[in-house]
Amino acid sequence: MAKQKQDEGQAPKLTINDIARMAGVSKKTVSRVINRSPLLNRETRDKVEAIIRETGYVPNPQARALALGRNFLIGLVYDNPNVQMILSMQKGILEALHGTEFELVIRPVDRGSRQVMEDIQGFVTRQRLFGVVILPPLSENDALARMLDEQGCRYVRMGSAVLDDPEHMVVSNDREAVADAVRYLISQGHRRIGLVAGPHGFRSAQERREGFELALAEAEIGLPRSLIAQGEYTFESGISASESLLDLSPRPTAIFASNDEMAAGVLYAARLRGISVPDELSIIGFDDTPVTTRVWPPLTTVRWPIVAMGRAAALKLIGTAIGEGEDVNEPSLFSSTLIRRGSVAPPSAS
């Protein structure tokens, strides 16, 4: 009985409507403040945040999730052997979600499975996801994008070429960036340049190969089939792919590898053969992952802004949801740049 009287004497719990009334703003504006939306001016944000602090108001995430029909979860869906790329993407997404009620849920899938679409659909439905970030090569599947749209699940696709409208994608300029890297090798005097290509079925591998071929064509340098070796975006595949290139006579004076893991594999294979890098062989990778500065010599590489792309992808999802149709000023195109380190030098005279 005493407990009942005590409860009856308590002030009613504040609601989001109460905060809106006290601040003289709409309920939508309070919601945007709570979710750290970028679609507010500083004066309005400070005013609402001050009232929330003064009143001790605590939003009810369960009630808000129920009203939205979604949990405050962002899914990251991928099938990609490049572990460092996945970790960098996670870092960018988590930076965007920091300080919000959103959490990240990771879901690896097998894109070769007949049930891959059903697996992803089940994941979205069970978790009641707020939105999904899709990594390549899954992101290149238009049917997957359509399925997510039909499910009412927001999505952003990551790619190496334009795949969708700006609201639904973050894209890098892989072809142009690789062409610039190969032009740099040519400017150093290299004419016999090998390629360790990325996996079949990856648009990034295709774009990077086309950039490689473009730079050679501009310089009127031939590309014999023997100077192209197939890789799988792994360290081990970089070793095995470089074996065929290093067996050639004459062998290439430079090798471009389509990611850093494979470039490190090329460097390893060269060391085993006693080939000096960069005096006898120049090497360039792609990604600018930590491995590039943990080997000797440090690898020249193309810096892929994966963290920034992940951050923008997550903000597109959150901003679109909170903004309720308003434009979210997050970029869609991200430029990769050449980072020059110690693995490139002019070819030796011998």
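Contact means heavy atoms within 4.5 Å. The exercises below use a predicted model, where local features need pLDDT of at least 70, side-chain atom pairs count only at pLDDT 80 or more, and totals for chains, interfaces and linings use all residues. Residues are numbered from 1 along each chain as its sequence is written, and side-chain values use heavy atoms, with hydrogens and water left out.

**Exercise 1. The core around Val133**

Task: list the contacts of Val133, leaving aside its neighbours within four places in sequence, and place Val133 in its core.

Solution.
- Step 1. Val133 is in contact with Ile74, Gly75, Leu76, Val77, Met89, Ile93, Val156, Ala313 and Leu317, once neighbours within four places in sequence are set aside.
- Step 2. A nonpolar core is a set of buried Ala, Val, Leu, Ile, Met, Phe, Trp, Tyr and Cys residues joined through side-chain atoms within 4.5 Å. Buried means under 20% relative accessible area, exposed over 50%, partly exposed in between (1.4 Å probe, protein chains only).
- Step 3. The largest nonpolar core has 49 residues, and Val133, Leu135 and Met158 touch the most other members.
- Step 4. Helix α9 (residues 174-187) gives this core its largest share, 8 residues. Helices (H or I, at least four residues) and strands (E, at least two) are DSSP runs, numbered from the N terminus.
- Step 5. Another core, of 22 residues, lies apart from it; Phe202, Tyr233, Ala269 and Val277 are among its members.

**Exercise 2. Strand β5 in its sheet**

Task: find the neighbours of β5 in the open sheet of 6 strands, then sort the side chains of β5 by direction.

Solution.
- Step 1. The strand order is β2-β1-β3-β4-β5-β11, with parallel pairing. Two strands pair if DSSP finds at least two bridges between them.
- Step 2. The edge strands are β2 and β11, each pairing on one side only.
- Step 3. On one side, 3 bridges join β5 to the parallel strand β4 (residues 154-159). Met158 has Val170 as its bridge partner, and Gly159 has Val171.
- Step 4. Parallel β11 (residues 333-334) is joined to β5 by 2 bridges. Here Val171 stands opposite Leu333.
- Step 5. Met169 and Val171 point one way from β5 (residues 169-172), Val170 and Ser172 the other way, and all are buried.

**Exercise 3. Empty space**

Task: describe the largest cavity and the second largest pocket.

Solution.
- Step 1. On a 1 Å grid over the protein atoms alone, a cavity is a set of points where a 1.4 Å probe fits but cannot get out, and a pocket is an open set with protein on both sides within 12 Å along at least five of seven lines; lining residues have an atom within 4 Å of a point.
- Step 2. The whole structure holds 1 cavity of 30 Å³ or more. The largest cavity has about 40 Å³ of space.
- Step 3. Its lining is Asn80, Asn82, Met85, Pro136, Ser204, Tyr233 and Trp304.
- Step 4. The second largest pocket has a volume of about 190 Å³. Its lining has 13 residues, with Ser88, Asp288, Trp304, Ile306 and Val307 nearest the centre.
- Step 5. Helices α6 (83-97) and α13 (306-323) each give two or more residues to this lining.

**Exercise 4. Thr100**

Task: is Thr100 buried or exposed, and how far is Thr100 from Ile318?

Solution.
- Step 1. Thr100 lies in the loop between α6 and β2 (103-108).
- Step 2. Thr100 is buried because its relative accessible area is 17%.
- Step 3. Thr100 and Ile318 are 218 residues apart in sequence, but 9.7 Å apart in space, C-alpha to C-alpha.

Definitions and conventions:
Grid points are joined across faces, edges and corners, and a volume is the space filled by probe spheres set on the points.
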